[in-house]
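Reader: I would like a close look at a single part of this model, the open sheet and what packs on it. Please add a word on internal cavities at the end.

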Amino acid sequence: MREEVAADVAELGSVGLTTVLVGDDPASHVYINAKHKAATAVGIRANDIRLPEDTPEDELLDLLAQLNADEEVDGILVQLPLPSHIDEAKAIEAIDPSKDVDGFHPMNAGRLYLGRPTLVPGTPLGIMRLLAEYEIETKGAHAVVVGRSAIVGKPMAHLLLQANATVTVCHSRTVDLQKHTLDADILVAAAGQLHLIGADMVKAGATVIDVGMNRTDAGLFGDVDPSAAELAGHLTPVPGGVGPMTVAMLLRNAVTAARSRGLEATTAKPSLPGR
Ligand code: NAD
């Protein structure tokens, strides 16, 4: 994917990505550093803005307005979480949807819901690419998504639906999670619960995608117990699976944003089958 993006960046001549990080969250700094390293490696002009923890909300919104107006900026990413005095929804909505490389803006979420071409969050987009790369049939498959967040679970469910899977979404109030997961041909674990999915919850031969990133003193672990590998047909590793794919898709989204900005987005044809 990174090679593909590098070729696209070279063809476009210039792609500009600006990231904004507010505050001192250590994990956020690690993520932003990784995104910049990856962006620079494929030839994207990456601009790294870091603001102090006590930055007023108005100041962040003003900065985003400037970035929206800046022709050199193709993509804007505001690293989450933001400090608690800043309204995250307000910050996301302040980004021009055509520059929203995280795909979190309500306009992009709505377009995804309608099955129209749009900027899609990197994690579920990367998972679709993994499924395609490993030739996992989605058409008619029963896909079970564990987690219903706006950045992973919900967009994941929509993309799988768009790829003609029959989709079940499970969450923290689901009764008898195992009953659902055992019936999954494709199981996406995105609950953020260490080893929530045991081997006894996986159907033999299923494709299991582990999105979870659970940091412990012993290291980084997923939502899927490693013993599930014996039953699963495929299982993504943690670390080294969905995480790097997510970063690669962010780069892909920066190229998509650079390409499509200025195009008449509303003329795009719906791609979600209605029935
Ligand atoms: P979130 O906390 O916003 O959402 C978690 C979801 O899981 C919720 O919808 C909740 O209902 C569900 N859930 C929680 N406990 C459950 C349980 N016991 N049974 C069933 N469902 C349960 O988290 P998120 O932002 O969607 O992230 C989920 C996980 O994915 C986290 O570990 C996060 O770190 C990881 N993540 C990884 C990447 C990546 O690049 N690899 C990107 C985003 C998130």
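Author: Two strands count as paired if DSSP finds at least two bridges between them. The model is a predicted one, and its open sheet has 5 strands. Their order is E5-E4-E6-E7-E10, and the pairing is parallel. At the edges of this sheet are strand E5, residues 166-170, and strand E10, residues 234-235. Each of these edge strands pairs on one side only.

Inside that order, take the pair formed by E4 and E6. Strand E4 covers residues 142-146 and strand E6 covers residues 186-189. The two run in the parallel sense and are joined over 4 bridges. Within this pairing, valine 144 has leucine 187 of E6 standing opposite. A helix also belongs in the picture: H7, residues 153-162, packs on the sheet. Helix H7 touches E4, E5 and E6, and its direction makes about 170° with that of E4.

As for cavities, the count is 1 when a volume of 30 Å³ or more is required. The largest cavity has a volume of about 50 Å³. Its lining is made up of Ile76, Leu77, Val78, Ile92, Ile95, Asp100, Asp102 and Phe104. Strand E3, residues 75-78, gives the largest share of that lining, with 3 residues. Sorted by class, the lining of the largest cavity holds 6 nonpolar and 2 charged residues, with no polar ones.

Key. Residues numbered from 1 in each chain as written. Predicted model: local features only at pLDDT ≥ 70, side-chain atom pairs only at ≥ 80, totals over all residues. Heavy atoms only, no water. Contact = heavy atoms within 4.5 Å. Axes fitted to C-alpha atoms, helices over the stretch in contact; angles between N-to-C directions. 1 Å grid on protein atoms, 1.4 Å probe; cavity = no way out; pocket = protein on both sides within 12 Å on 5 of 7 lines; lining within 4 Å. Points joined across faces, edges and corners; volume = space filled by probe spheres on them. Nonpolar A, V, L, I, M, F, W, Y, C, P; charged D, E, K, R; others polar.
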